[in-house]
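Student: Please take a close look at the ligand site in this structure. Go through the contacts and the shell, then the helix packing.

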Amino acid sequence: MTGISLDGKIAAITGGASGIGLEAAQALVEAGAIVHLFDRDEEALKTACDEIGATPVAVDLFDYAAVDAAVADIVARHGRFDILYANAGAYVGGKVWEGDASNWDMMLNLNINATFRSVRAVLPAMMAQGSGDVILTSSIAGAVPVVAEPIYTASKHAVQAFVHTVRRQVAPSGVRVAAVLPGPVHTPLLKDWDPERLRKEIDAGALMEPRDVAEAVLFMLTRRKGVIVRDLVILPHSFDI
Ligand code: NAD
């Protein structure tokens with residue numbers, strides 16, 4: 001299979017202490033990358049990094065100055081920045097006239113503003129070196145409207161709009177910007193799902209494991225220069241959307 005090696009690549013993964021981010025981190029370490037995990041859950045971060053051999057960066061992604069400083073520190077130490085997997089995100093589902101609408105703000109701010117700011121933080125170094133990969137964890141909800149989750153769907157549609165525009169802004173510099181769009185994955189994020197829906201999906205075998213998404217991300221990152229997998233939709237085969 002044609003592809004590039006990740007040996008010695010300098011990488012960072014946001015939301016790396018749990019779920020999809022943690023599994024992707026493990027896959028990148030196995031592929032030879034030097035991986036930094038950005039997460040605000042310091043305890044989970046330490047356990048994860050000890051386990052897989054990554055470097056912990058305890059940071060709240062809403063603290064934009066701290067994120068900028070952490071990126072600058074990595075560039076100063078390694079002289080480059082090759083991969084950002086902007087993965088951290090939150091979930092709110094349900095009917096818009098029910099529940100606590102103040103939960104929307106945190107989710108929208110994390111899935112949109114903080115994610116976009118983390119991407120912005122790494123672009124200058126990547127553009128200066130003439131290469132780099134930025135992958136965002138979007139969702140199937142970024143490709144089709146999922147009626148059970150209007151606000152989450154809106155946040156991931158924003159991610160798609162960002163990816164498709166920024167990709168073209170930076171393409172001439174050699175930097176690739178892309179999105180992976182998973183269907184339901186068995187991670188702690190689903191704790192906010194309607195329990196009945198979760199039970200139904202588990203019983204139907206309609207949930208993927210984080211490793212499935214990690215392998216998709218690895219595939220995207222190892223395409224040869226000059227090619228981009230711009231959007232990779234990965235679903236449980238029985239998922240009915
Ligand atoms: P998860 O809850 O297992 O992990 C999220 C991680 O992000 C946690 O470690 C958490 O501490 C960290 N985090 C949250 N807010 C943060 C902040 N402000 N600063 C720093 N770190 C923060 O979630 P997951 O299921 O692995 O989701 C990862 C991504 O995948 C999200 O963008 C989510 O929208 C997307 N996604 C998930 C599913 C799914 O079914 N699980 C499906 C499609 C897309």
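Tutor: Start with N87. One of its polar backbone atoms lies 2.8 Å from an oxygen atom of the ligand. T187 contributes through its side chain: an N or O atom there is 2.4 Å from a ligand oxygen. R40 uses its backbone instead, with an N or O atom 3.3 Å from a nitrogen atom of the ligand. This is a predicted model, so these distances are computed from predicted coordinates.

Now the cover. The ligand exposes 840 Å² when taken alone, and the protein buries 93% of that area. Two elements each give two or more residues to the surrounding shell: α1, spanning 19–30, and α5, spanning 150–170.

The shell itself holds 29 residues. The closest are S18, D39, Y152, V185 and T187. T187 thus appears both in that list and in the side-chain contact with a ligand oxygen. By class, the shell has 14 nonpolar residues, 10 polar and five charged.

Next, follow the two shell helices into their packing. Take α5 and its partner α4, residues 102–129. Their axes are 9 Å apart, and the packing angle is about 15 degrees. Angles under 35 degrees count as roughly parallel, and α4 and α5 are therefore roughly parallel to each other. Their crossing is right-handed.

Helix α4 also packs with α3, residues 64–78. Here the axes come within 10 Å and cross at roughly 30 degrees. That angle makes α3 roughly parallel to α4. The crossing of α3 and α4 is right-handed. Helix α4 therefore has a roughly parallel relation to α5 and to α3.

Then α1. Its partner is α7, residues 210–221. The axes of α1 and α7 lie 8 Å apart, at an angle of about 50 degrees. So these two helices are oblique to each other. α1 passes α7 in a right-handed crossing.

Put the pieces together. α1 and α5 both supply two or more residues to the ligand shell. From there, α5 leads to α4 in a roughly parallel pair, while α1 leads to α7 in an oblique one.

How values were computed
Residues are numbered from 1 along each chain as its sequence is written. This is a predicted model: local features need pLDDT of at least 70, side-chain atom pairs count only at pLDDT 80 or more; totals for chains, interfaces and linings use all residues. Side-chain values use heavy atoms; hydrogens and water are left out. A residue is near a molecule or strand if one of its heavy atoms lies within 4 Å of it. A polar contact is a pair of N or O atoms within 3.5 Å; within protein, one must be able to donate a hydrogen and the other to accept it, and residues adjacent in sequence count only if both atoms are side-chain atoms. Accessible areas come from the Shrake-Rupley method with a 1.4 Å probe; for residues, only the protein chains shown count as cover. Helices (H or I, at least four residues) and strands (E, at least two) are DSSP runs, numbered from the N terminus. Ala, Val, Leu, Ile, Met, Phe, Trp, Tyr, Cys and Pro count as nonpolar, Asp, Glu, Lys and Arg as charged, and the others, Gly among them, as polar. Axes are lines fitted to C-alpha atoms, for helices over the stretch in contact, and angles run from 0 to 180 degrees between N-to-C directions. Angles under 35 degrees count as roughly parallel, over 145 as roughly antiparallel, 65 to 115 as roughly perpendicular and the rest as oblique. A crossing is left-handed if the near helix is turned anticlockwise from the far one by less than a right angle, and right-handed if clockwise.
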